Each structure stands twice: as C-alpha cells, then as structure tokens.
Amino acid sequence: HFGSRRPLLLRMKVDRSLVEDPLVYDIIYFSPVEVGDERYTHKLYFQTDVYSRTWPKPIVEKMSAQTEELRHVELSIHPFDASFKRRHREGVLFHCKTALAYLDAREARIAMKLCAVAEPATKSSESRVMEDQQLDLDFLRITALSVMACAARRVKFYQKAVDALSEAKDICLGGGEDSRVHPLMTALTLLNLSAVLGDIDHDEHGLRWGLEALNLLYTFFAKNPLPQIVQAYYLALACHNAGLMNVKLGKWPEAVELVNEGIEFTKVLSEQDDDGLHKKLIAVGAQAKHVPEGFLTEAVNALNGWGEERGVWNLSHWDFSNCEILEKIHVLRHSTTLKRLIVDHVQEEPRRIEADDVSLLRFIFAVVSCTCLEEFSISGVDFDARKVWRLVRKPSYLETSWYASPLNFKEIHDAQRPQNAQYAEIFTKFNSFSRSLALLLAVIGNECEGLDVSRNNIDDRNIMALVRALRCQERPSHTRPVCTLILTGNGLGVNSAKELAKTWIPLLPEELEAHSAPEAVPRSSAPGEMPLESAKTGAESAIQHGVTALDMSDNSIGDEGLELLTTGIAHFRRFSVLKADAIGIGPRGCLALTQLQATQLELLSLSNNRLGPEGIEVVSTAMLLCSWLHTLRLDDCDIDTFAAPALAALLRNHGQLREVSLNRNRLESSGAITLCKGAGASQSLQVLHLAYNGITTEAAAEAIADMMKSCSNLHEMSLSGNQLEVDAMPHIGRALEHSKLLTIHLEDMNLNQTSISNFLNHGAAEMQDLQVMLLSGNPIGDEGFEVMGECLSIGLTDLHLSNCNLSSASQVSLQNLLSLSPHLRTLDLSRNSLGPNGCTEMVKWIMDNPKEHVALRSLELSDGQLGNEGFLQLLPILGSLTHLGVGNNGITSAGLEAIMKSKQLIQLKCLDLSGNKIDEKGLQALTERFTKEHKRSLWNPKQVTSSIDKVILTNNDISPGLAASTEVFLKVSTPLLSVLW
C-alpha cells in the first residue's frame with residue numbers, strides 16, 4: 001500500500017519461520033510483505049461465491065457481539081480475564097484481516113465499512129482496559145485505522161485516509177519515548193501517512209513524517225534484525241517515498257541521496273520481490289538528477305553489473321549534459337564491475353553536446369581513476385583505461401576461437417611505455433567532441449614524458465579542452481604531468497595560439513576552482529550546475545607543473561600567433577624547448593622571441609620560416625639573452641650573407657650554445673667565412689650544420705678548416721650539398737686530421753676520384769677519431785673507394801656510400817675497408833650497381849674471421865642489382881647481422897625459398913625485401929620456416945633457433961587478401977614475427 005496508488009500485488013514473500021515474534025508477524029501482515037501463506041489463503045477464502053462482492057453479515061454480527069462484550073467488561077458485567085483478552089484480540093485481528101482480504105480483492109468500499117464496524121472494539125473509556133498490555137487496544141486501533149486509510153486511499157477518499165492515519169500517528173507518538181506502540185508499527189504508520197499526505201500535495205508535512213519513518217526503521221533494524229529482504233524492502237520503500245517528496249519540493253541533492261540509498265537496498269531484492277520499487281526509484285532519481293529515465297537505468301546497470309551487456313556501458317546515445325556527466329562520475333567512482341566504456345560520436349554533424357570542458361575534465365578524471373575499468377573506446381579507437389598511451393589491439397578471429405593456442409604470447413605486442421605517448425593521426429576521423437574527449441584522456445591519464453598529437457585536425461575548440469586539461473592542478477596518483485607537447489601539422493591559427501598561451505599563465509584564485517578535479521564532487525543545487533571545490537589562494541595559484549617543451553611546427557599561427565604564444569610562455573620560467581618550424585613567421589614575428597629570456601630556453605627551432613637577415617639579427621640578439629640556450633636550428637630561413645655577422649656574434653659571445661643548424665640557406669662563401677670566424681672563437685660549439693648553402697671557394701674552405709681546428713669541442717660538421725672547388729677539399733681533409741671531429745656529412749658534393757683523393761691527401765691522411773662519415777650521392781667510383789679503403793679512420797663505425805657509382809670491381813676495396821675498420825657497424829652501399837658478385841669477397845672475409853672480431857651489424861644493399869644469386873651469397877652472414885636491406889634487387893620467390901629452406905642460422909631484427917618480385921610461394925616458405933622455429937623454441941627455450949623480428953614486404957607481388965590472411969595466421973602461429981605489407 002505504502003507510496004503506491006495502484007492495486008496491491010503481493011510479490012514480496014518470506015517464509016513464516018523467519019519471523020519468530022508474533023507481534024512483529026501481525027504488524028508485517030498488514031504491510032505489503034507477505035509472511036507465509038495466511039494472507040493469500042485468507043484472500044482466496046473471501047473471493048469464494050459466498051463472500052465475493054457480498055456484505056459479510058455473519059462476520060459483522062460476530063464483530064458487533066464482540067464489541068458488546070467489551071462494553072459489558074467496562075461495566076464489570078463480564079470478567080476482564082485472560083480468556084476475554086485473548087478472544088477479543090483475536091476477534092478484532094481476524095475482522096481486520098477480513099477487511100484486508102476484501103481490499104486485496106479490490107473491494108475497497110466493503111473494507112472501509114468493515115473497519116468502521118471494528119473501530120468501536122478498539123477503544124474503551126476505562127483506563128484499565130486501554131492500558132492492558134495483553135489486550136493492547138492501541139495496536140488493534142492502529143491496525144484498524146491503517147486498513148481503513150488504505151481502503152479510503154484506494155477509492156481516493158484522501159481526507160478520510162489522512163484523518164485515520166493522523167489519529168493512528170497520535171496514538172503511536174502519544175507516549176513519547178515511553179510509547180507502548182511497537183517501533184516497527186510506528187514507522188510503518190508514519191510511512192503510510194507520509195504517502196497519503198503526498199497524494200494531496202502536503203509535501204512538506206509528508207516529508208517530515210517520511211523521514212521520521214526512515215529514521216525509525218534504521219534504528220529498529222539496527223537492534224532487531226528482520227530477514228534481510230524484509231529490511232531492504234521497507235527501507236527502499238521509505239527511501240522512494242521521501243525521495244519523491246523531495247523531488248516535488250525541488251530538493252534535488254536530498255532526493256538524489258535517498259534514491260541512491262534506495263537503489264542500494266533493491267540489490268538484495270529479486271525482480272519478483274521488489275514490487276516495482278527499482279523502476280520507481282529510477283523514475284524518481286531521473287527527475288532528481290535531471291537526466292532521462294533510460295539513461296539512469298543504464299547508469300544503475302553499469303554501476304552494479306546488471307543488464308544484457310554486463311560490464312559494458314555505451315554512452316553514444318546520450319547528450320553529455322552536465323547532469324548526465326555527474327551521474328557517469330558517480331558510476332565510475334563506485335562501480336566494481338564496469339569493464340568497458342564506449343563513446344561513439346563519429347557522425348560529421350553530431351547532435352548538440354551540452355557539456356563544458358570543466359564537466360568533461362572531471363568525467364575523464366573519473367575514467368582514469370576507475371580501478372575496474374579496462375577499456376575506453378572513443379569513436380572506434382580503444383584505449384587502455386589505466387595506461388592510456390597504449391591502444392588496445394583487437395584480437396583476430398583465430399585468437400578468439402578454438403584455433404587459438406594457449407601459448408600464443410598474447411602480451412608479446414604490448415609496447416613498452418614510450419618517452420612520448422604516440423597519438424599522431426589517431427584522432428583524424430573524430431568529430432570535434434570526440435577529439436576533445438580523447439585529448440582530455442591523453443593528458444589526464446598521461447604516464448609518459450609527453451604527448452604527440454600531430455596531424456589530428458585539432459581545432460580551436462579542441463585546444464580549449466587541451467589547455468583545460470594541461471592546467472588541471474590535480475591528477476590521478478599513477479599519472480604524471482605532460483612536459484612535452486607535440487602539435488605539428490594540425491592547421492592551428494592565431495586563435496589557437498592565443499588559447500594555448502594560457503597553458504603557462506598562472507591561475508587566479510577564482511580560476512583554480514574550475515581547474516581542479518577533486519576526489520569528491522558534490523551534487524549541484526540546481527539543474528545543470530557543475531559544483532566546484534573551494535579554491536586555493538596565494539602562492540598555490542602558481543603553476544607547479546607545466547609543459548616545458550612545445551612543438552608547434554607546420555601550423556599557420558604567423559607573427560601574431562607567435563607573439564601571443566611567447567607572451568604566455570614567458571610566465572613559466574622552466575620552459576626549455578620551442579620548435580616552431582614552418583609556422584609562417586617573418587622578421588616581425590622574431591621580435592616576440594625577446595620574451596623568452598625570462599625562461600630557461602635550451603632549444604629553439606625556427607626552420608622553414610622566411611626570417612631573412614632582418615629576422616636573423618633579431619633572433620641572434622634575443623638568443624644572446626637566453627643564457628640556457630644550447631641548440632639553435634634555422635634551416636631554410638632565407639639566411640644570406642648579410643645575416644652572417646649577427647650569427648657570428650652569437651656564436652662568439654654565447655657561452656652555452658652547442659649546436660647550430662643553418663642548412664639550406666644562402667650564406668654562400670663570403671657568409672661562411674664571416675660565420676666561421678665567430679664559430680672558431682666559441683668555447684662551447686659541438687655541432688655545426690652548413691649543408692646546401694652555396695659554399696664553393698677555396699677561401700671559404702680554409703675558413704671552415706681553421707674553425708674546425710680551433711673549435712676544440714666541435715665533434716660534428718655538415719657540409720653536404722656545397723659544391724666545393726677541387727682545390728678546396730684538401731683544406732677540409734687536413735683539418736680532419738687535427739680536429740676532434742667524430743661525424744662529418746659530405747653528401748651530394750660532387751666528390752669524384754680526384755677530389756676524394758685530394759681530400760684524403762692521396763691516401764696519407766690519418767683520421768684516428770672519425771667515427772661516422774656520410775658520402776652518399778657523390779660520384780666517387782671504384783678508384784675513389786679504393787683510396788678510401790686504405791686510409792679511413794680505424795675507429796670508423798658508420799659509413800654511408802649510397803649512390804656513389806660503385807660496382808663489383810670494388811669487392812677487394814670493400815674487403816680492405818672491413819679489415820682496416822674493425823669497429824664498422826653500419827655500412828650503406830645502396831643504389832650502387834654491385835651485381836650478384838659485388839659482396840663475395842666481403843662475405844668470405846666475414847666468414848673467415850670469428851664473429852666477435854667482426855663488428856658489422858647493419859648492411860644496406862637496396863637497388864644493388866643483386867638478384868637471387870647475390871641474395872644467396874649473403875646467406876652465410878645472416879646469423880651475424882641485425883639489419884639487412886635488399887629491397888629493389890629483383891629477388892623472386894625462388895631466391896627467398898632457397899634462403900628459407902637452408903639450414904643456415906638466421907638471426908635478424910629486420911629484413912627489408914621491399915620492391916622485389918616475391919609472391920605466394922616465397923611467402924609460404926617464409927611462414928613455414930619460422931612457424932617451425934617458433935614451435936622448436938617452445939619445446940626447448942634454451943636452444944638457439946633462427947628468428948627475424950620484422951620483415952618488410954611492401955611493393956611485392958602479394959595481394960591484399962593474401963597479406964591479410966597471412967597476418968592473421970602469423971599472429972597465432974608466429975607472434976614474434978611482424979610483417980610490414
């Protein structure tokens with residue numbers, strides 16, 4: 001009856017043996033809980049033809065006789081003994097049960113009349129009779145009044161119901177703390193009164209008695225436990241009633257608390273036992289929380305692991321209003337069963353999303369903090385909820401079917417945590433809302449040094465969300481602040497730069513509220529209002545952690561955008577790295593860089609901007625004031641001879657500048673001379689790149705040579721692309737002998753046999769320190785290579801001779817090179833016409849020497865016209881190399897099949913077979929070989945077996961279907977082998 005206007009359907013039923021106290025049994029009998037079968041059989045009895053829709057005259061006459069007997073007792077005509085007390089109590093109770101049976105049979109008017117007949121038998125003018133505990137007329141009267149009220153309410157005689165229950169309430173509370181009425185009866189009476197008062201919109205009054213009833217129930221059950229489902233039912237019923245009153249009064253937080261509490265109690269009840277309470281509570285909760293009823297149903301299911309898709313909650317159909325987000329946060333903080341969350345907003349023009357960044361930030365905070373959540377899917381991309389830098393790989397059919405092996409190394413592809421979380425091009429197809437959500441997730445859940453969100457079509461709206469997350473002052477304990485932010489190629493403009501600049505501006509006290517993500521978010525006091533925690537003040541408003549490195553390259557922010565950006569960065573002293581290549585700035589934009597002197601700037605990259613000599617002069621002056629600067633990159637910045645003096649002054653006077661890159665500018669010979677005079681005076685310069693600057697003259701070469709010798713810390717130099725005169729190269733060669741240079745770039749300088757011989761002093765040069773030499777793109781030829789093989793540094797570790805006009809005639813020179821350079825680890829001979837026999841002597845020499853005496857590990861021979869024959873000649877050294885590149889060599893399936901069917905040990909990290917003529921037969925040979933090797937390693941892990949980590953098969957005669965099917969097969973049978981198709 002309580003809180004329900006529909007006909008009573010008895011669904012809550014407990015066994016009679018569970019309720020031992022007879023008085024408690026009688027109280028529960030007249031409530032919506034059925035104990036045993038008595039009430040049901042009573043109902044059936046009075047639905048027989050004798051009584052159905054008929055006034056029960058015999059029962060009424062019997063009750064009247066019992067009332068008359070009570071009057072005789074009052075006049076002392078009849079003895080007031082135990083027999084009378086028992087008979088009178090049982091008679092009145094039976095009469096009330098009869099009235100209840102008629103009420104259950106939907107004969108409410110008859111039930112009301114029967115209660116009226118019983119009413120005189122429940123009161124007496126004699127105090128000795130009224131106060132007798134065995135007779136307990138108070139209990140009988142409250143019971144009769146309660147049944148009458150329920151019947152009156154059924155036929156909408158609300159005032160009659162209120163009058164009856166008000167009288168019952170007065171009896172219950174009449175004695176105060178010494179009341180003789182059982183506390184359970186008092187609680188149920190007040191609960192019933194509260195429901196009826198709600199019917200006539202006396203909500204304040206009804207709420208008072210409803211809360212009093214709930215309090216009495218808690219107190220009673222704490223000391224007198226009933227069966228768990230009975231307690232849960234009564235408490236859920238009381239919570240629903242009080243929650244409904246609070247909703248009608250607009251007391252949203254109180255209603256939410258009561259609904260949540262009531263739903264917790266319904267967990268104990270089965271769907272058959274809860275009498276619809278679960279759905280009623282959700283309906284009330286939806287109003288209190290200002291969310292759709294269907295949404296709250298899903299939220300409750302997600303919280304408790306109910307519903308068809310247990311552990312999965314799809315949020316794609318909801319609007320992300322602030323009120324919905326509050327409920328999502330509640331679920332994420334309290335669920336122990338939710339495993340997967342889905343947000344699939346992929347349409348081009350999605351419905352209006354109401355959430356602001358503060359709300360979304362707190363939602364993401366809850367997502368990352370949810371310990372049971374395993375996966376968060378946004379627009380088809382699955383993130384590991386606890387390690388958001390790791391995207392979840394969807395298992396193939398074979399991995400999830402009975403084909404899957406228990407030893408399939410499921411976790412073998414789990415990447416180690418990278419320095420920067422890689423999200424480049426991941427969010428490209430997301431709509432703006434989903435992209436903002438993903439950016440918030442990436443920042444709040446970050447465990448890496450930084451984030452790479454390049455080429456993701458990030459817009460101004462997304463930048464606002466990103467900045468909000470970056471400025472967040474609190475984060476989950478297992479995460480860390482983002483220090484490096486890579487935003488290249490996103491098409492960002494001036495507005496984005498203006499918004500991004502806020503990342504480094506200290507928060508005002510009033511802003512701290514909106515940039516916190518507290519552990520406990522209170523329910524708002526008005527619909528849609530997002531509550532905030534108390535603000536921090538004073539020194540706490542400064543940013544404690546912030547982005548120290550920013551890459552804004554390939555975004556059109558222009559001069560104005562850079563000025564706005566540096567204005568914000570200047571507030572954060574620990575900022576150290578700014579990469580702003582190709583952002584469309586000119587000389588005017590360079591003025592903004594003077595603001596960076598307030599930071600600890602260590603690296604500045606402004607490549608591919610039209611700075612010109614005016615801009616370079618400004619940059620040089622500004623960087624002199626940045627005492628922490630150690631790296632300056634100004635490639636392709638339209639730097640000419642007139643900019644050289646400013647750069648020379650910077651190199652001469654800056655005490656920390658270690659690396660300067662000026663590739664692809666127009667310094668020319670005169671500018672290089674001026675620059676080298678300043679560089680030669682530097683005590684810190686270690687790396688100088690001057691590639692493709694039009695440097696040609698012997699005088700310029702002399703200046704470069706003098707700089708190389710005088711600059712004691714210089715260890716890397718690039719002169720690639722400068723077509724030096726023939727007489728210029730000896731200066732560079734002699735300088736190498738007397739310098740500390742470890743790496744030199746001399747690519748594409750038109751060095752031929754003569755110039756390379758001059759460079760190496762006709763074979764007499766001694767370069768003991770040089771380790772890395774890049775000579776690709778020079779027509780050195782076989783004769784020039786012969787000279788090189790005789791006098792290159794004994795400490796050489798990397799040599800690049802791609803496209804140097806070498807042929808098979810260089811076999812002996814190649815052997816000499818390896819024998820005289822025992823530390824050579826990387827050799828690039830690609831794009832040389834070596835032919836099938838070009839490596840014969842080299843392979844023979846390697847095989848004739850112990851493996852530990854041969855340092856070569858990476859060999860690049862692509863575009864070398866090797867064919868199958870040349871590929872087979874490399875077979876003996878496949879056990880000692882880690883990388884072999886034989887792409888575009890005309891290798892067919894026959895060649896690969898011969899390699900795979902050999903018993904020679906193969907241990908490569910990478911085999912590049914791209915651009916050849918390999919088809920299905922070759923692919924089959926590859927998979928067969930390494931499937932067998934994998935099985936052998938499982939049986940005996942200590943046995944040395946062949947392995948390849950990665951095979952590159954792009955641009956071969958392999959169809960997409962064959963590639964896809966083979967990929968699936970390899971994931972199961974050979975999980976350690978990855979193939980790039």
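These legends accompany several close-up views of a predicted model.

**View 1. The whole protein, as a setting for the close-ups that follow.** The predicted model has 981 residues, of which 56% are buried, and the protein contains 36 helices and 25 strands. When contacts between residues at least 6 apart in sequence are considered, 80% of them join residues that are at least 24 apart. A search of the whole structure for salt bridges finds 31, and some of these are taken up in later views.

**View 2. The second largest pocket and its lining.** The space in this second largest pocket comes to about 380 Å³. Its lining is made of 15 residues, and those closest to the centre of the pocket are Ser 270, Glu 271, Asp 274, His 278 and Trp 306. Two helices, α13 (277–289) and α14 (293–304), each contribute at least two residues to the lining. By character, the lining residues of the second largest pocket fall into six charged, six polar and three nonpolar.

**View 3. A salt bridge between Arg 39 and Asp 104.** The side chains of Arg 39 and Asp 104 meet in a salt bridge, with 3.0 Å from N to O. Arg 39 belongs to helix α2 (residues 38–45) and Asp 104 to helix α4 (residues 82–104), so the pair ties together parts that lie 65 residues apart in sequence. Arg 39 has a relative accessibility of 3% and therefore counts as buried, and Asp 104, with a relative accessibility of 8%, counts as buried as well.

**View 4. A salt bridge between Arg 480 and Glu 449.** In this view the side chains of Arg 480 and Glu 449 form a salt bridge of 3.0 Å, N to O. The pair links distant parts of the chain, 31 residues apart, with Arg 480 in the loop between α19 (460–470) and β9 (484–486) and Glu 449 in the loop between α18 (432–444) and β8 (450–452). Arg 480 counts as partly exposed because its relative accessibility is 31%, and Glu 449 is also partly exposed, at 27% relative accessibility.

**View 5. A salt bridge between Arg 666 and Asp 638.** Here the side chains of Arg 666 and Asp 638 meet in a salt bridge with 2.6 Å from N to O. Arg 666 is placed in the loop between β14 (659–661) and α26 (668–680), while Asp 638 is in the loop between β13 (631–633) and α25 (644–653), so the salt bridge ties together parts that are 28 residues apart in sequence. Arg 666 is partly exposed, with a relative accessibility of 41%, and Asp 638 is partly exposed with a relative accessible area of 25%.

**View 6. A network of salt bridges.** In this view three residues, Glu 119, Arg 141 and Glu 167, are linked to one another in a network of salt bridges.

**View 7. Two residues with positive phi.** Most residues other than glycine have a negative phi. Arg 664, which is not a glycine, has a positive phi near 60°; Arg 664 is found in the loop between β14 and α26, and at 51% relative accessibility it counts as exposed. Tyr 692 is likewise not a glycine and has a positive phi of about 55°. The place of Tyr 692 is in the loop between β15 (687–689) and α27 (698–710), where, at 29% relative accessibility, Tyr 692 counts as partly exposed.

**View 8. Helix α8 and the elements that cover it.** Helix α8 (residues 158–173) has 16 residues, which at 1.5 Å a residue should span 22 Å, and the C-alpha atoms at its ends are 22 Å apart, in agreement with that expectation. The buried residues of α8 are Tyr 158, Ala 161, Val 162, Ala 164, Leu 165, Ala 168, Lys 169, Ile 171 and Cys 172. Among the elements that cover these buried residues are α7 (137–154), α9 (183–199) and α10 (203–223).

**View 9. The surroundings of Ala 424.** Ala 424 lies in the loop between β7 (420–422) and α18 and is partly exposed, with a relative accessible area of 21%. Apart from its neighbours within four places in sequence, Ala 424 is in contact with Asp 452, Ser 454, Arg 455 and Asn 456. The C-alpha atom of Ala 424 is separated by 9.0 Å from that of Ile 486, a residue 62 places away along the chain.

Conventions: Residues are numbered from 1 along each chain as its sequence is written. This is a predicted model: local features need pLDDT of at least 70, side-chain atom pairs count only at pLDDT 80 or more; totals for chains, interfaces and linings use all residues. Side-chain values use heavy atoms; hydrogens and water are left out. On a 1 Å grid over the protein atoms alone, a cavity is a set of points where a 1.4 Å probe fits but cannot get out, and a pocket is an open set with protein on both sides within 12 Å along at least five of seven lines; lining residues have an atom within 4 Å of a point. Grid points are joined across faces, edges and corners, and a volume is the space filled by probe spheres set on the points. Helices (H or I, at least four residues) and strands (E, at least two) are DSSP runs, numbered from the N terminus. Ala, Val, Leu, Ile, Met, Phe, Trp, Tyr, Cys and Pro count as nonpolar, Asp, Glu, Lys and Arg as charged, and the others, Gly among them, as polar. A salt bridge is a side-chain nitrogen of Lys or Arg within 4 Å of a carboxyl oxygen of Asp or Glu. Buried means under 20% relative accessible area, exposed over 50%, partly exposed in between (1.4 Å probe, protein chains only). The expected span of a helix is 1.5 Å times one less than its number of residues. Contact means heavy atoms within 4.5 Å.
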